[in-house]
Amino acid sequence: MLPSSLTITLDRSGTRTLPVQIADRIRSAISDGEIRGNTRLPSSRALSGEIGVARGVVEQAYEQLIAEGWIEARRGSGTYVRRISSSTGTRVGRTASSPPPTATTHRRRIRLGTGTPWIPPRLPTAWKRAWRDAGAAPHPQIYPDPLGEPRLRDAVVDLLARARGLHTDSSSVVVTTGSMHGLGLALAALADPGVDDSPVLAHENPGYRVATTTARRAGWSLFDVPVDADGMVTDHLDSAPGQTRAVYVTPSHQHPTGGLLPVGRRRALADFARTRDVMIIEDDYDSEFRYDVAPLPTIAEFAPDRTIYLGTVAKTFGGGIRLGWLVAPPHIVQTIASVRADTGDYPSVPVQNAMASLLRDGEWDRTVRAARRRYRERDRRVTEALAPYGELRGVGAGMHTTLLLPEHTATDVARMASEEGVDVDTLARSTRSPSPITGLLVGYGSLSDEDLVYCLDVLTNALDSVNR
């Protein structure tokens with residue numbers, strides 16, 4: 001039951017979602033002293049029945065409040081309001097509820113990065129459980145399977161079929177330490193030192209800067225392919241040099257501009273790969289986070305014989321775990337396995353076993369569902385705040401939005417934001433050759449609600465200032 005002093009009335013015709021309304025009401029009740037610290041809240045099942053909503057709606061509201069530090073889940077006991085300081089009436093370890101901080105009171109830097117995800121409060125517990133499972137496995141005394149642990153590859157096969165409609169088998173899967181490790185393995189397998197002194201990789205411009213660095217350090221040259229609102233402009237591949245051996249593309253949410261590559265261009269890319277005898281390296285970046293339409297089929301589905309598919313858990317479980325996978329045709333897999341056997345370049349067996357447990361237990365699916373709800377709301381807030389200032393790209397997907405602006409405006413806004421403690425990248429960092437696409441990259445994945453409000457205030461104030 002709810003505490004007797006608290007009632008929750010929902011406006012089902014309003015613009016705010018039900019989880020947001022529930023979270024706002026509980027938050028204000030804690031802040032105003034209606035609910036004391038250490039008070040046990042009703043279970044999500046009990047509260048959902050009491051106010052007439054689905055249980056998942058309450059769970060989402062609780063997850064939000066846990067992430068903000070208002071409440072805490074105590075294992076085996078329930079959900080409680082965090083302890084309140086008797087002298088100040090504030091949550092211990094956090095500031096009092098107040099309007100968004102101003103530039104004069106905000107004392108730490110915030111980075112609007114594009115690749116750091118939100119981690120659900122329950123995930124650390126799930127990771128500990130998975131780590132215990134890994135610890136129960138036999139001690140890995142010998143070097144592991146060059147392709148990766150079989151149980152993890154089997155779990156990846158199931159995940160790809162379920163989440164992406166990509167049907168493959170474990171013999172085509174190679175476990176990596178992330179998508180860029182997979183890119184490096186792919187480039188090493190595709191290069192032929194006896195034929196190519198400097199093989200060429202066709203790459204989006206603007207494009208993923210880390211992929212650029214990876215390719216160059218592997219001895220590859222780059223051929224810049226422009227992008228538009230739909231992603232890579234595949235017609236420009238016709239002018240790619242003869243030394244082109246591969247095309248790197250982020251079709252699900254083009255990094256950094258957010259385009260969703262249409263089916264027609266995906267087929268054109270597959271046709272180009274077959275005609276020119278090149279491989280497509282498909283980095284399925286952010287495909288799990290779409291809020292407007294379902295993800296399109298992977299390019300690997302159109303051209304399995306011509307595609308190396310890259311995936312990672314960095315955008316769901318966090319980059320620190322350092323695990324991912326690639327799916328490739330048999331001759332590429334065999335080459336990678338041979339290189340690994342020669343160099344000993346293997347991911348950790350215990351980490352692979354822990355990841356297999358997480359995937360087996362459905363933790364990836366639960367994490368994605370929770371994060372998708374959170375990012376959808378963030379996407380809406382960012383869109384409402386920034387749409388008056390320019391064209392937005394990447395809306396409805398991922399955990400960042402691109403605001404197109406003249407280059408000098410983007411530079412000025414980034415500088416002004418930095419002076420207020422907010423670091424935001426311009427597209428110039430991701431652009432190699434001249435491009436008409438310039439602007440700001442506004443990441444929101446790992447921010448707290450308070451930080452997001454503050455950052456949007458800083459950006460809109462800066463935009464207002466430069467537009468005067």
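This passage walks through the overall build of a predicted model, then its cores, its cavity and a few individual residues.

Start with the whole chain. The protein chain contains 14 helices and 17 strands. Its C-alpha atoms fit in a box of roughly 75 × 65 × 40 Å along the principal axes. For a compact globule of 468 residues, the expected radius of gyration would be near 23 Å, and the value here is 24 Å, so the two agree. Just over the halfway mark, 53% of the 468 residues count as buried. The chain also folds back on itself quite a bit: among contacts with a separation of 6 or more, 73% are between residues 24 or more positions apart.

Next come the nonpolar cores. In soluble globular proteins, nonpolar side chains tend to be buried together. Here the largest nonpolar core takes in 64 residues, and Phe-317, Met-355, Leu-359 and Leu-386 have the most contacts inside it. Take Met-355: setting aside neighbours within four places in sequence, it is in contact with Leu-152, Val-313, Phe-317, Ile-321 and Leu-323. There is also a second, separate core of 26 residues, with Val-174, Ala-246, Val-333 and Ile-336 among its members.

Phe-317 turns up again in the surroundings of Thr-367. This threonine sits in helix α12, which covers residues 363-386. With a relative accessible area of 1%, Thr-367 is buried, because anything under 20% counts as such. Leaving out residues up to four places away in sequence, Thr-367 touches Pro-120, Arg-122, Leu-123, Thr-316 and Phe-317.

Then there is the empty space inside. The structure has one cavity of 30 Å³ or more, and the largest cavity holds about 210 Å³ of space. It is lined by 19 residues, of which Asp-284, Ser-287, Glu-288, Gly-311 and Thr-312 are the closest to its centre. Helix α5 (150-164) and strand β11 (307-312) each give at least two residues to this lining. Sorted by class, the lining is a mix of nine nonpolar, four polar and six charged residues.

Some loops are worth a look too. His-139 lies between α4 (123-135) and α5, and it is exposed, with a relative accessible area of 64%. The C-alpha atoms of His-139 and Arg-380 are 48 Å apart, with their positions 241 residues apart along the chain. Gly-319 and Gly-115 are likewise distant in sequence, at 204 residues apart, yet their C-alpha atoms are separated by 8.5 Å in space. Gly-319 belongs to the loop between β11 and β12 (324-327) and is partly exposed, at 31% relative accessible area.

Finally, a few bits of backbone geometry stand out. Most residues other than glycine have a negative phi, and most peptide bonds are trans. Arg-322, in the loop between β11 and β12, has a positive phi of about 60 degrees; this arginine is partly exposed, with a relative accessible area of 43%. Asp-277 also has a positive phi, near 60 degrees. It lies in the loop between α8 and β10 (279-283) and is exposed, at 52%. As for cis peptide bonds, one joins Asn-205 and Pro-206, with omega about -5 degrees, and Pro-206 is in the loop between β6 (200-205) and α7 (209-217). Another joins His-255 and Pro-256, with omega about 15 degrees; Pro-256 is in the loop between β9 (244-249) and α8 (263-276).

Definitions and conventions. Residues are numbered from 1 along each chain as its sequence is written. This is a predicted model: local features need pLDDT of at least 70, side-chain atom pairs count only at pLDDT 80 or more; totals for chains, interfaces and linings use all residues. Side-chain values use heavy atoms; hydrogens and water are left out. On a 1 Å grid over the protein atoms alone, a cavity is a set of points where a 1.4 Å probe fits but cannot get out, and a pocket is an open set with protein on both sides within 12 Å along at least five of seven lines; lining residues have an atom within 4 Å of a point. Grid points are joined across faces, edges and corners, and a volume is the space filled by probe spheres set on the points. Helices (H or I, at least four residues) and strands (E, at least two) are DSSP runs, numbered from the N terminus. Ala, Val, Leu, Ile, Met, Phe, Trp, Tyr, Cys and Pro count as nonpolar, Asp, Glu, Lys and Arg as charged, and the others, Gly among them, as polar. A nonpolar core is a set of buried Ala, Val, Leu, Ile, Met, Phe, Trp, Tyr and Cys residues joined through side-chain atoms within 4.5 Å. Buried means under 20% relative accessible area, exposed over 50%, partly exposed in between (1.4 Å probe, protein chains only). Contact means heavy atoms within 4.5 Å. The radius of gyration is taken over C-alpha atoms; the globule rule is 2.2 Å times the number of residues to the power 0.38.
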